[in-house]
Amino acid sequence: MATISENAYRMIRSHAIDPMEAEQFYQQGLAYFGSDALFAQWLTNANAYTMGQAPINALSAENGIAYLTSLMDRMQDDY
């Protein structure tokens, strides 16, 4: 499992299927969370938005990046 000491981009690239989607997702996460460290923290910690799972676990699914992108959009709307 990834740790916060790894940067978010490396975590995303190591779990994502599509490198282009991974880059776009990383850029969206940076814009939303404001820093790589905060984004990495969100990726590695279970939360209510991901039904108690760490978001990083969804990245290796076929639609994982699309799911997490949609989730960040909803989080932003809720904020």
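Here is a quick walk through a predicted model of one protein chain, from overall build to a few individual residues.

**The overall build**

The chain has four helices and zero strands, so there is little to untangle in the order of elements: reading from the N terminus, they run α-α-α-α. With 79 residues, a compact globule would be expected to have a radius of gyration near 12 Å, and the 11 Å of this chain agrees with that. Along the principal axes, the C-alpha atoms fill a box of roughly 30 × 25 × 25 Å. Of the 79 residues, 35% count as buried. As for contacts with a separation of 6 or more, 55% of them join residues 24 or more positions apart.

**Helix α2, end to end**

Let's take α2, which covers residues 19-33. At 1.5 Å a residue, its 15 residues should span 21 Å, and the end C-alpha atoms are indeed 21 Å apart, so expectation and model agree. At the start of the helix, a side-chain oxygen of Asp 18 comes to within 2.7 Å of the backbone nitrogen of Met 20. Just past the other end, Gly 34 takes a positive phi of about 90°.

Which residues of α2 are buried? They are Ala 22, Phe 25, Tyr 26, Gly 29 and Phe 33. Looking down the helix axis, these buried residues fall within an arc of 105°, so they line one face of α2. A bit of helix geometry helps here: an α-helix has 3.6 residues a turn, so residues three or four places apart point the same way. On the face turned away from the buried side sit the exposed residues Met 20, Gln 24 and Ala 31. And what do the buried residues of α2 pack against? Their partners are α1 (8-15), α3 (36-44) and α4 (64-78).

**The nonpolar core**

In soluble globular proteins, nonpolar side chains tend to be buried together. Here the largest nonpolar core has 20 residues, and those touching the most other members are Ala 8, Ile 12, Phe 25, Phe 39, Trp 42, Leu 43 and Leu 59. The elements giving two or more residues to this core are α1, α2, α3 and α4, with α4 providing the largest share, five residues.

Leu 43 is a good one to click on. Leaving aside neighbours within four places in sequence, Leu 43 is in contact with Ala 8, Met 11, Ile 12, Phe 25, Ala 54, Pro 55 and Ile 56.

**Three residues to look at**

Next along from there is Thr 44, found in helix α3. A polar atom of the Thr 44 side chain lies 3.0 Å from the backbone oxygen of Ala 40. The loop between α3 and α4 holds Met 51 and also Asn 63. Buried or exposed? The table gives the values for Thr 44, Met 51 and Asn 63.

| Residue | Relative accessible area | State |
|---|---|---|
| Thr 44 | 9% | Thr 44: buried |
| Met 51 | 72% | Met 51: exposed |
| Asn 63 | 52% | Asn 63: exposed |

The cut-offs explain these calls, because buried means under 20% and exposed means over 50%.

Met 51 has a backbone quirk too: its phi is near 55°, a positive value in a residue other than glycine. Asn 63, for its part, is 52 residues from Met 11 in sequence, and their C-alpha atoms are 17 Å apart in space.

Key:
Residues numbered from 1 in each chain as written. Predicted model: local features only at pLDDT ≥ 70, side-chain atom pairs only at ≥ 80, totals over all residues. Heavy atoms only, no water. Expected span 1.5 Å × (residues − 1). Buried < 20%, exposed > 50% of the residue type's maximum accessible area, 1.4 Å probe, protein only. Arc of directions from axis to C-beta. Contact = heavy atoms within 4.5 Å. Polar contact = N/O pair within 3.5 Å; in protein donor to acceptor, adjacent residues only side chain to side chain. Core = buried A, V, L, I, M, F, W, Y, C linked by side-chain atoms within 4.5 Å. Rg over C-alpha atoms; globule rule 2.2 N^0.38 Å.
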